[in-house]
Structures are given as structure tokens and as C-alpha cells.
Amino acid sequence: SSDLIPALDEAKRLPNTLHRTVRYLEYQPYSSSVVVIDNGSVDHTSDLVARTRSTRVPVQLTGCAQPGKGAAVRRGFLTSRARFVGYMDADLATPIETLDIVEPLLGRWHAVVGSRHIGGARLAVRQSAHRTLGGMVFRAMAHQVVPGFADTQCGFKFFSGELARTAARRLRIDGFAFDVELLRVITEMGVQVKEIPVIWSDADGSTLRLISDGARTAAD
């Protein structure tokens with residue numbers, strides 16, 4: 001499997017995420033790699049990736065000059081040759097141990113995505129009031145595009161590699177609304193998506209800017 005981490009100036013949050021992810025994957029029976037998609041960082045993000053070492057889990061850096069988390073994930077999909085590929089947030093808001101649930105399901109489902117808004121999900125650290133309100137508005141809009149999904153934006157999604165690569169070639173949105181487009185494309189392909197509940201924490205340092213990114217996301 002290939003685990004993608006889109007990153008823009010994540011030098012503060014990435015070390016813990018890389019450490020926890022690599023240590024977890026080293027003890028799994030399947031082969032895997034971690035790929036950080038550098039989305040134009042000007043801090044030490046690339047240096048941190050270069051210094052991360054593992055005897056079993058390759059940690060690689062892939063550049064993406066096109067701004068936007070959607071562009072970064074799309075590049076990660078298209079450059080991966082793994083049997084399974086997925087992405088997670090640079091702050092590891094969803095614990096890497098969630099793969100204990102995801103990995104067995106990928107044998108029966110081509111798409112397994114985390115959800116913060118279905119039964120069994122738990123918010124370990126809650127969002128601020130204005131981000132909670134913004135999330136409610138966005139979910140209402142997203143439901144018009146992809147009805148049936150409780151949560152389109154949880155940053156923990158895994159797919160069969162072939163599905164991810166096929167879907168990526170149809171994607172156009174570069175910003176935060178790319179998750180909605182991705183789920184729309186996959187469902188239009190006739191693929192059923194499995195939503196699973198996750199534990200989730202709203203960590204400080206998000207690159208989401210509520211006003212400017214919110215307006216662009218609504219337009220997308």
C-alpha cells in the first residue's frame with residue numbers, strides 16, 4: 001500500500017506524523033510506503049522527509065508545483081503503482097491505527113473512507129464554533145452533489161490503486177472541494193464506497209483559511 005500525506009509548510013506537525021505512521025507500518029504484515037506530496041513548501045518539510053529512515057517502510061518525497069490539496073493528492077494517485085493507495089492529513093487528525101479497520105475491508109471494497117458524522121465516530125478534540133458552523137454549511141452543499149455520504153471531508157480515504165489512478169485522470173478541482181469531486185466520480189463509475197467511523201481531532205495549524213478558502217470551495 002502507498003500512504004500519501006499532502007503537505008504545505010508542515011515542518012512543525014509532520015515529524016510526529018511521520019514517526020507514528022512509519023512505526024505503525026513497520027509492524028504490519030503487508031509491504032507499504034509513505035509518500036509526502038510537497039505542495040510548494042518554503043520551510044523544512046522536504047528536509048524532514050529526507051531525514052526519516054526506516055528499514056522496512058520507504059519514505060519518499062514527491063513534488064507538486066500546482067497549488068492545492070486536491071492537486072497534491074491527484075499527483076500522488078497518478079504516480080503510485082501500489083495495489084492500494086490512500087491519503088491522510090499531515091496532522092494525523094485520524095489515528096494511523098484506523099488502518100487496522102481499513103486494511104481488511106479493502107479486500108471487499110474498492111473504496112473505504114473515514115467519516116466523523118456516522119454512528120461510532122468520536123471527536124477527541126472538537127472544532128471551534130466558526131469551523132463547526134462552516135462545516136455544517138459545507139455538508140449541506142456537498143449533500144446536493146453526493147447524497148448519501150455523511151462526511152465527504154474527512155482526510156482519511158483509501159482505495160484500490162487502479163480505482164484511484166482511473167478516478168484521478170477525471171479530476172479537475174485543486175482545492176479543498178476535491179474530496180466531493182472524487183466521491184462523485186467514483187460513484188458515477190458504479191463503485192460502492194464504504195464509510196467507517198473514525199476518532200478525529202481538530203489540531204492547530206490547519207492550512208484552511210475559512211474566508212478565502214471557504215469562498216473558493218463553495219464556488220468549486
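Here are some worked exercises on a predicted model.

**Exercise 1. Classify the ring pair F77 and Y87: what are the centre distance and the plane angle, and which parts of the chain does the pair link?**

Start with the tally: the structure holds four aromatic pairs. For F77 and Y87, the ring centres sit 6.1 Å apart, and that passes the test of lying within 6.5 Å. Next, take the planes: they meet at 55 degrees, so this pair goes down as tilted. Now place the partners. F77 belongs to helix 3 (residues 69–79) and Y87 to strand 4 (residues 84–88), ten residues apart, so the pair links distant parts of the chain. Finally, check accessibility: F77 and Y87 are both buried.

**Exercise 2. Do the same for F77 and F159: which class of pair do they form, and where does F159 lie?**

Geometry goes before location again. The centres of F77 and F159 are 5.8 Å apart, with 80 degrees between the planes. An angle over 60 counts as edge-to-face, and that is the class of this pair. On location, F77 is in helix 3, while F159 is in strand 7 (residues 156–160), 82 residues apart. Both F77 and F159 are buried. To finish, put the rings together: F77, Y87, F159 and F178 make up one aromatic cluster.

**Exercise 3. Work out how covered helix 3 is: how many of its residues are buried, and what do they pack against?**

Count to begin with: eight of the eleven residues in helix 3 are buried, making the helix mostly covered. Then name them: K69, G70, A71, A72, V73, R74, G76 and F77. Last, look at what surrounds them. On the strand side, the buried residues of helix 3 pack against strand 1 (2–7), strand 2 (33–38), strand 4 and strand 7. Their helical neighbours are helix 6 (161–168) and helix 7 (178–188).

**Exercise 4. Move on to helix 7: which of its residues are buried, and what is the phi of G190 just after it?**

Go through the helix residue by residue. F178, D179, V180, E181, L182, L183, V185 and I186 are buried. That is eight of eleven, so helix 7 is largely enclosed by the rest of the structure. F178 also turns up in the aromatic cluster with F77, Y87 and F159. Step past the end of the helix and you reach G190, with a positive phi of about 85 degrees.

**Exercise 5. Describe the setting of R116: where is it, is it buried or exposed, and what does its side chain meet?**

Find it in the chain: R116 is in the loop between strand 5 (111–115) and strand 6 (122–125). Its relative accessibility is 16%, so R116 counts as buried under the 20% cut-off. Now follow the side chain. It makes a polar contact with the side chain of D151, at 2.7 Å. R116 also lies over the face of W200, 4.7 Å from the ring centre. For the wider neighbourhood, leave out residues up to four places away in sequence: R116 then touches A121, L123, D151, Q153, C154, V198 and W200.

**Exercise 6. Place strand 5 among its partners: with which strands does it pair, and in which sense?**

Take the partners in turn. With strand 7 the pairing is antiparallel, over three bridges, and V113 has K157 as its bridge partner there. With strand 8 (residues 194–197) the pairing is parallel, over four bridges, and here the bridge partner of V113 is E195. Then check the faces: A111, V113 and S115 are buried on one side, V112 and G114 on the other. With five of five residues buried, strand 5 is therefore largely enclosed by the rest of the structure.

**Exercise 7. Examine V102: which element holds it, and which residues does it touch?**

V102 lies in helix 4 (residues 99–105). It is buried, with a relative accessible area of 1%. Leaving aside residues up to four places away in sequence, V102 touches V112, F156, F158 and I196. For one of these, F156, the C-alpha atom is 9.8 Å from that of V102, with the two positions 54 residues apart along the chain.

**Exercise 8. How many disulfides does the model have?**

The criterion is a pair of cysteine sulfur atoms within 2.5 Å. Applying it gives zero disulfides. As for accessibility, C64 is buried at 7%, and C154 is buried at 0%.

Terms used. Residues are numbered from 1 along each chain as its sequence is written. This is a predicted model: local features need pLDDT of at least 70, side-chain atom pairs count only at pLDDT 80 or more; totals for chains, interfaces and linings use all residues. Side-chain values use heavy atoms; hydrogens and water are left out. Rings of Phe, Tyr and Trp (its six-membered ring) pair if their centres lie within 6.5 Å; planes under 30 degrees apart count as stacked, over 60 as edge-to-face and the rest as tilted. Helices (H or I, at least four residues) and strands (E, at least two) are DSSP runs, numbered from the N terminus. Buried means under 20% relative accessible area, exposed over 50%, partly exposed in between (1.4 Å probe, protein chains only). A charge sits over a ring if NZ of Lys or CZ of Arg is within 6 Å of the ring centre and within 35 degrees of the ring normal. Contact means heavy atoms within 4.5 Å. A polar contact is a pair of N or O atoms within 3.5 Å; within protein, one must be able to donate a hydrogen and the other to accept it, and residues adjacent in sequence count only if both atoms are side-chain atoms. Two strands pair if DSSP finds at least two bridges between them.
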